[in-house]
Amino acid sequence: MTRELKFESPSFIQRLKGMLGVDFYRLFHTPMFYIFLAIAAIIPAMILGMTSIENAEGIVEPLYTNTWQIIAADTPLYVVNSISEYANMNMVFIFGGIMVSIFIGHDYKSGYVKQLFTTHAKKQDYMISKSLVGAFSMACMCITYLLGGVVAGLLVGASMEVNVGSLIFAVLGKIVMSLGWASLYTLLNIIFRRFFGISIASSFFFGTGILIIGAAAVIGNNSALNIFLYGSSVYACLSSNIVTLLVCIVCSVAWAIIYNVIGTHILSKCDVY
Amino acid sequence: MNAIEIKGLTKNFGPKQALSGLNMTVPEGAIYGFIGENGSGKSTTEKIICGLIHPSGGEVKLFGRDYTDADVRAKVGVLIEAPGCFPNYSVWNNLMLQAANLSIPNAKEEVVKVLKMVRMEGAASNKYKNCSLGMKQRIGIAMALLGKPTLLVLDEPINGLDADGMRIMREILVDVTKNYGCTVVVSSHILGELEKIATHYGIVRGGKMLKEMTAEELNASCRTYVALQTKDMNRTKSLLSCKYSRVEEDEAGYIRVYDAKDPEEIVTHLYENGILVSEIKIDKIGLEEYYIDLMKEGR
């Protein structure tokens, strides 16, 4: 039997819709996602309830006296002077990095990408889909982190005093930053796709913001650091306003585009084994 | 129109040259048996056809278009190494996810159809990880068949299958070619099985195409031989070796004489030397022996 050959590929929207459908299905059906959500909720509760510091008089007192300190720092401090200025919602981006690494690592390990890239000539679909799913998972982690922090704050009786508007802008800013972080992790995992361990280690390394913290130690608390993902993530603090949120949106989207373009280029040029 | 047309294909992996000017032509609707030793360049060629690896040089056309063309790529089904399924999901879910990836509008009907084609209707709810090797291979074919591909590229799909699994796989491949007009490129080391279904062959060696031919051409080039058995096989062999240039004993215990014009001549010759022939037949060498001969000639 012969048939008339008709070659037509789905449109960009159709392709992206299909791929996002698959990735979201996988996300919601993997226990790993729920484990990371639980970790994101437990970590702030543990830090808030269990950390303490010895003051100048030698009296041990809680490290965090205000619940919202576990969500964001009071001011944008890039130079870390104490753990209480560092340990906040930005930690979610480290967990998110590990999750994205496992997610993409599985694509390569199972041979799924071979099936996918045979029929999908345009590699940007993959980058966009993974970045969006990664961003969604990190945004969910931010929410469970917030809930975990609030519940723990209520339980330990920490102060709840806060400028609500600034808090909302800070939380929204950090949630918005998930897109940039997810794109960075997707790119890192594309680069190190053949070395799963290095993928996870590199995600962890960049997620800690160690490069920006190091740069801040040299140049000081400079607002120029806001052009970087970690810088903007720190900028979303308890003194945030609409400008903070706009900075976060611009930074996150700009880096997401840059990382997606680079990732697409790498995928288009490199062989899949 | 040719489904695949490759000219002067080269691929280097660092200093190692995997393909060195390979030419290949696969007519539309063919079942193309792609044969070669390990490391001869079969998988590399197939991966290039699938757009998974990039050639260092040469030209690859699928249905007259460049192999990177997104429209033509969307119509290629593939089974290379593993089917790319998620082990904890059911067969049905794996196929539905692949259907979503391909943006197939009527996904459910399409999945039911391909499951039927690969005789897996009853196993749709099984988890992929609990399926046997034969089932996994068939699921891989089903995944490749989603989206009504015009070209199927299968790398060693019958490896590790039992006799029944091989028969089912054979039937599936013939079915998709005849009833769906699909062109199939299938590589395998199990040449006896390939011979039963292939309409065209490509024999590759050292990254080059050694020979391409149709099943009819293979049939015509396969030499006939006389196979016989006697009570004194050793003496028979030495007697015949003096008269004929190629005399061999095969695995089934027959002495094969390849360049005998007439079986009667052999029987008479042996009779004159006091040997009675207990069984005699005329046969043809198969693809496997043809391939082995070809490889020997090349060395």
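How many Å separate the centres of domain 1 of chain B and domain 2 of chain B? Taken over C-alpha atoms, the answer is 39 Å. Keep in mind as you look around that this is a predicted model.

**Stop 1: the two domains of chain B**

Select residues 2–213 of chain B for domain 1, then 222–298 for domain 2, following the domain assignment. Where they touch, domain 1 of chain B contributes nine residues and domain 2 of chain B contributes six. On the domain 1 side, pick out α7 (191–197), β9 (200–205) and β10 (208–214) of chain B, the elements that give two or more residues each. The biggest giver there is α7(B), with four residues. Colour that side by class and you should find five nonpolar, one polar and three charged residues.

**Stop 2: the sheet**

Stay with β9(B) and β10(B): they pair in the antiparallel sense over six bridges. For one of the ends of this pairing, click on B:Thr214 in β10(B), the bridge partner of B:His200. Now widen the selection to the whole open sheet, six strands in the order β6-β7-β8-β3-β9-β10 of chain B, with mixed pairing. Which strands stand at the edges? They are β6 and β10 of chain B; each has a single partner strand, so one side of each has no neighbour in the sheet. From one strand to the next, the twist averages 15°.

Next, show α6(B), which lies across β3 (31–36), β7 (151–155) and β8 (183–187) of chain B. Its direction makes an angle of about 155° with β8(B).

**Stop 3: helix α4 of chain B**

Select residues 107–117 of chain B. Buried residues in this helix are B:Glu110, B:Val111, B:Val114 and B:Leu115. These four cover an arc of only 135° around the axis, so they sit on the same side of α4(B). An α-helix has 3.6 residues a turn, so residues three or four places apart point the same way. Turn to the other side of α4(B) and you meet B:Lys108, B:Glu109 and B:Lys116, which are exposed. What do the buried residues of α4(B) pack against? Show α3 and α5 (133–145) of chain B to see their partners. Just after the helix comes B:Arg119, with a positive phi near 55°.

**Stop 4: where the chains meet**

Finally, bring chain A into view: the contact takes 28 residues from chain A and 34 residues from chain B. On the chain B side, select α2 (70–73), β6 (76–79), α3 (91–101) and α6 (163–180), each giving two or more residues. By class, this side of chain B holds 18 nonpolar, 11 polar and five charged residues.

Notes. Residues numbered from 1 in each chain as written. Chains lettered and ligands numbered in written order. Predicted model: local features only at pLDDT ≥ 70, side-chain atom pairs only at ≥ 80, totals over all residues. Contact = placed C-beta atoms within 7 Å. Nonpolar A, V, L, I, M, F, W, Y, C, P; charged D, E, K, R; others polar. Domains from an automatic or database assignment. Pairing = 2+ DSSP bridges. Axes fitted to C-alpha atoms, helices over the stretch in contact; angles between N-to-C directions. Buried ≥ 20, exposed ≤ 12 C-beta atoms within 10 Å, placed from the backbone. Arc of directions from axis to C-beta.
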